[in-house]
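Thanks for asking me to look this one over with you. My notes follow as numbered points, so you can keep the structure open and go through them at your own pace.

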Amino acid sequence: MKDKKSIDEEDGEKDLEVEYIENDEQENELNLEEDDDSFADNDDFEEEQEEQQGEEGEEGEENEEGEENVDNQMDTIQPSIEVERDDSIRTFQGHSDSVYCISILKTNPEIIVSGGGDDRSFIWKASTGEALFELRGHTDSIVKVDFNFSGDLVATAGLDGLIKVWQVPTGQLISTLEGPSGGINWFDWHSKGNVIVAGSEDGCAWMWNTAGAKCMQVFAGHSSSVTCGQFTPDGRQVITASEDCSLRVWDPKTGVCEFNINGREFHEGPINVLTCHNDNCLVITGSEDKTVRLSNIKTGKVRATLTGHSDSVEAVCFSNHLPMAASGCVGGKIMLWDLNTCQNRFIMEHKAAVVKLIWRSQQPILYSCSIDGTISLWDTRTKDCIKSFVGHTNGILDFDATNDFNFLVSGSDDKTCRIFRL
């Protein structure tokens, strides 16, 4: 049964309503031995793949007399990595170009979605590595994929400026979210309903109700590409950051900008990444200016400037049970920060750029992925590397973990997705 709840229900305000479905929490473990028959296989997938490979072969012959092949260009930029072993237990090979984004369905970790430079997304099965559905319709690279709070919908976002929303059990397209005049950089689902906020290259953030693809707000104010953002964990505010070096805090019901954090105390270069703490107050940002900032979005004030990186900061995250944060940069350095003192505690290093960081829930364990082709596990009490997973022959561009952190899934420049057992 569907009910409507306000984002600000406790205050009794009904201006912005989000539709969500009441459902019991599911604790499904990933079973890599048995198939899950609740999702029907796409019988035509293999035949379609063969036809597409044939078409790509013909196009490749034409390209020999014309432009250079894109894959060859990528190989020049990102040389293949020689690996001595493959730690993965499953590989998905449906993509024909780099895999930019990947996500696990938390309510059923048997189901994974991935998107890439081939303009395609796939819903695929963890236990077999086989595609269930190919999600077609984008005309440019897919840069973000994610499931909604209840797990019945998945969204894909592309550099074509579109977000498409699909039914997970059937792979059917239910809505296309339009409006931005530039590519989509990121999007975030509301934690309680089927509302999406996204940032675009056109300098705006957009918010839609996916039921009917209705645009609810356009957050205008940035003077350049909106590179990162999210709903606050409680869903009551929207946070965005931009190449214009500013962080903005918005009221999603009115579209009003509550705070615009910028200037001498803030970043001097484009902001690449941000994350909001579970306290809905503290935000960490990383920038091309090689610094990390801590800001209070309830006061609009910068709390601290964290320095020590020698390259652009590309990844940040908070611990949800310790007063600590982490940041990673293009140079491969990971820095751990004490939030009480705003001082660096430890430094760990990859051999190449750090792409993403995930802090394990209720544990002092930090996970990182890198262009060096590894996923590493770090003990944040000692800075020791507990384990590094290898298998990809090129840089890892995204990864995700099951709720119990027993399995990791990754997407790479080598055009594959891999599953690792912890």
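1. Let's begin with a charge and a ring: Lys356 lies over the face of Phe399, at 5.8 Å from the ring centre. Please keep in mind as you read that this is a predicted model. Another lysine to look at is Lys387, whose charged end sits over the ring of Phe389, 5.1 Å from the centre of that ring.

2. Next come the aromatic rings, where a search of the whole structure finds six pairs. One of them is Phe92 with Phe122: the ring centres are 5.4 Å apart and the planes stand at 65°, so this pair is edge-to-face. Phe92 belongs to strand β3 (residues 90–92) and Phe122 to strand β6 (residues 121–125), so the contact ties together parts that are 30 residues apart in sequence. Are these two residues buried or exposed? Phe92 has 1% relative accessibility and counts as buried, and Phe122, at 0%, counts as buried too. Trp124 joins Phe92 and Phe122 in one aromatic cluster.

3. Now for the salt bridges, of which the whole structure has nine. Among them is the one between Asp87 and Arg85, whose side chains meet at 2.8 Å, N to O. Arg85 is partly exposed, with a relative accessible area of 44%.

4. Have a look at Glu134 as well, which forms a salt bridge with Arg120; the closest N and O atoms are 3.5 Å apart. This pair links distant parts of the chain, because Glu134 is in strand β7 (residues 131–135) while Arg120 is in the loop between β5 (111–116) and β6, 14 residues apart. Glu134 is buried, with a relative accessible area of 12%, and Arg120 is buried at 6% relative accessibility. Which residues make up the network joined by shared salt-bridge partners? They are Asp118, Arg120, Glu134 and Arg136.

5. A further salt bridge connects Asp289 to Arg293, with 3.8 Å between the closest N and O atoms. Arg293 is buried, its relative accessible area being 6%.

6. Turning to the strands, one open sheet has four of them in the order β8-β9-β10-β11, and the pairing is antiparallel. β8 (142–147) and β11 (173–177) stand at the edges with a single partner strand each, so one side of each has no neighbour in the sheet. From one strand to the next, the twist averages 15°. β8 and strand β9 (residues 153–158) run antiparallel and are joined by five bridges. For a residue to find on screen, try Asp146, whose bridge partner in β9 is Ala155.

7. A four-strand open sheet also runs in the order β12-β13-β14-β15, again with antiparallel pairing. Why is one side of β12 and of β15 left without a neighbour? β12 (184–189) and β15 (214–220) are at the edges, and each has a single partner strand. The twist here averages 20° from one strand to the next. Five bridges pair β12 with strand β13 (residues 195–200) in the antiparallel sense, and Trp189 stands opposite Ile196 in β13.

8. Last, the cysteines. How many disulfides does the structure hold? The count is zero. Cys257 is partly exposed, at 27% relative accessibility, whereas Cys329 is buried, at 0%.

How values were computed
Residues are numbered from 1 along each chain as its sequence is written. This is a predicted model: local features need pLDDT of at least 70, side-chain atom pairs count only at pLDDT 80 or more; totals for chains, interfaces and linings use all residues. Side-chain values use heavy atoms; hydrogens and water are left out. Two strands pair if DSSP finds at least two bridges between them. Helices (H or I, at least four residues) and strands (E, at least two) are DSSP runs, numbered from the N terminus. Axes are lines fitted to C-alpha atoms, for helices over the stretch in contact, and angles run from 0 to 180 degrees between N-to-C directions. A disulfide is a pair of cysteine sulfur atoms within 2.5 Å. Buried means under 20% relative accessible area, exposed over 50%, partly exposed in between (1.4 Å probe, protein chains only). Rings of Phe, Tyr and Trp (its six-membered ring) pair if their centres lie within 6.5 Å; planes under 30 degrees apart count as stacked, over 60 as edge-to-face and the rest as tilted. A charge sits over a ring if NZ of Lys or CZ of Arg is within 6 Å of the ring centre and within 35 degrees of the ring normal. A salt bridge is a side-chain nitrogen of Lys or Arg within 4 Å of a carboxyl oxygen of Asp or Glu.
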